[in-house]
2 protein chains.
Amino acid sequence: MFLDMLEEVANQNNSRIILALDDVVCFPSDREGLKRVREEAVSRAFKLIELLSDLIAGVKINRQLVLPLGLYDYVFEIVDFAHGYGLPCIADCKVGDVGHTNRWIATHYFNAGFDAIIANPFVGWRGGLDSVFDEARKREKGVILLVYMSHAGALEGFEKVVLDEEGSGQPFYLVFARKAVEWKASGIVVGATFPGKIIEVKEIVKEESIPIFSPGVGAQGGSAREAVEAGADYLIVGRTIISSSDPRETVKKLLKDCSL
Amino acid sequence: MFLDMLEEVANQNNSRIILALDDVVCFPSDREGLKRVREEAVSRAFKLIELLSDLIAGVKINRQLVLPLGLYDYVFEIVDFAHGYGLPCIADCKVGDVGHTNRWIATHYFNAGFDAIIANPFVGWRGGLDSVFDEARKREKGVILLVYMSHAGALEGFEKVVLDEEGSGQPFYLVFARKAVEWKASGIVVGATFPGKIIEVKEIVKEESIPIFSPGVGAQGGSAREAVEAGADYLIVGRTIISSSDPRETVKKLLKDCSL
């Protein structure tokens, strides 16, 4: 259902760019200014969505927006607004707790209207992400798994070679990609900063047509073209668009660059 | 600073139990009831803190409370209230994102008054948790690292044997325990459901006197006595206390059971 919605708007807008609204808010130095800052953040988010609604395929919201704005106070309004343009919304909460907590986290994001949730497969299935997939399935929502992140520290975790029961080793990100297939994830995240990983992972997920979402283009140093050529299906772009003096031109240039 | 505060109240109350307030709220089926439910949750949290203030060493708050209540709307009031009893507050947000997002997450929790934050070392240091430790250091707050979680799925991640540069293997939780020492963490989390892991990890962290926080007692099946005998310094207990008909007696029994 999430993927149908995403695919439909991506085809309609001929775009596979997901707008990451992570940095539309700056926290005030005093609590007095909170209401004003929140309203400004929502207003900025609305303007960006309105401005780019025909050039993007969806919206991603992270905790630097959820924590100051409040999920049920302001964030759900942004989700509603994006839905008004047919744009699906992804909660980038990287859920990775014990099962009963994960279920609550997923429940709240889905209640607030989000269409998919990003989860960290490191916590495993049983008593871990099983509840998130269960909650998503019941509501026809999506679960997107982190497979390789876009920062340098990813080497310390996602890149590590782990041994399986037979004693043969493979890097964690390939284990995670196989879990995405096994668990029937709606997508996986692989940083655009590591196009070589996208190529490797694509080999595993392509038979199940699980799309690859790549953050890290622009501010974090990743190239849109390289990510797409490597096999990324969607690019998650935030600061490059948000801090641009002309967001529409920036998105158009990105679309042209990688012929998305 | 966080550890000083924690140690002081633990000695004063002769208790090493951290009250997990995770399950004091039930979400309403309609948004209409939200305000009432929020106020009831805050009121329940206040009552529990007041009732147990001389029997516990601190309070832990997870996202199943933060998401429905809102960090700056209701959660900060609970933190303030706990501080009124000298109780430190731990944000169990299991932060594990890219650096600039992690810094925002930490900033918001610290702004709301939290004294320490729980982080997932799987995302590594550079461009990962470096910013969280930096933010905590500047504000004299604590960072507690997940080393082994309390659920069955922990086997799929924390337990996996990873190869180091020299090709020798060790389970991830021991790698994480060493990172806690290297990064000067204020504490580590090891599930009470795996007392054997507590013993192993204690060997690594004891020389730096890094305390072990153990969740999973009671509802999740862990034994308080076994965890403490294995080397747990603090027990994180939620549902066993919250759902008890007599929370004071339950805490007293727990304290007696493990002579904490």
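Start by selecting F213(B) and Y234(B): both are buried, where buried stands for under 20% relative accessible area, exposed for over 50% and partly exposed for what lies in between, using a 1.4 Å probe and protein chains only. Before you go on, note that this is a predicted model, in which local features need pLDDT of at least 70 and side-chain atom pairs count only at pLDDT 80 or more, while totals for chains, interfaces and linings use all residues. Residues are numbered from 1 along each chain as its sequence is written, chains are lettered from A and ligands numbered from 1 in the order in which they are written, and side-chain values use heavy atoms, with hydrogens and water left out.

**Aromatic pairs**

How many aromatic pairs does the structure hold over all chains? There are 34, counting rings of Phe, Tyr and Trp (its six-membered ring) whose centres lie within 6.5 Å; planes under 30 degrees apart are stacked, over 60 edge-to-face, and the rest tilted.

Now jump to chain A and select W125(A) and W183(A). Their ring centres are 5.1 Å apart and the planes sit at 40°, so this pair is tilted. W125(A) belongs to helix α6 (residues 125-139) of chain A, and W183(A) to the loop between α7 (172-182) and β8 (187-190) of chain A, so the contact ties together parts 58 residues apart in sequence. Helices (H or I, at least four residues) and strands (E, at least two) are DSSP runs, numbered from the N terminus. Turn on a surface for these two: W125(A) is partly exposed at 31% relative accessibility, and W183(A) is buried at 8%.

Back to F213(B) and Y234(B), the place where you began. Their rings are stacked, with 5.1 Å centre to centre and 15° between the planes. F213(B) is in strand β9 (residues 212-215) of chain B and Y234(B) in strand β10 (residues 234-237) of chain B, so to speak a link between distant parts of the chain, 21 residues apart.

**Salt bridges**

Next, colour the charged side chains. The count comes to 45 salt bridges over all chains, each being a side-chain nitrogen of Lys or Arg within 4 Å of a carboxyl oxygen of Asp or Glu.

- Select K202(A) and D233(A): they form a salt bridge at 2.8 Å, N to O. K202(A) is in helix α8 (residues 195-205) of chain A, while D233(A) is in the loop between α9 (224-230) and β10 (234-237) of chain A, 31 residues apart.
- Select K94(B) and D92(B): the closest N and O atoms of this salt bridge are 2.7 Å apart. K94(B) is buried, at 10% relative accessible area, and D92(B) is buried too, at 4%.
- Select K138(B) and E135(B): here the N to O distance is 3.8 Å. Both lie in helix α6 (residues 125-139) of chain B, three residues apart, about one turn of the helix. K138(B) is exposed at 52%, whereas E135(B) is buried at 8%.

For a network, select D22(A), K60(A), R63(A), D92(A), K94(A) and D97(B), which are joined by salt bridges that share partners.

**Cysteines**

Last stop: how many disulfides are there over all chains? Zero, taking a disulfide as a pair of cysteine sulfur atoms within 2.5 Å. Put C93(A) and C93(B) on screen: the sulfur of C93(B) is 12 Å from the closest cysteine sulfur, that of C93(A), which is too far for a bond. C93(A) is buried at 1% relative accessibility, and C93(B) is buried with a relative accessible area of 1%.
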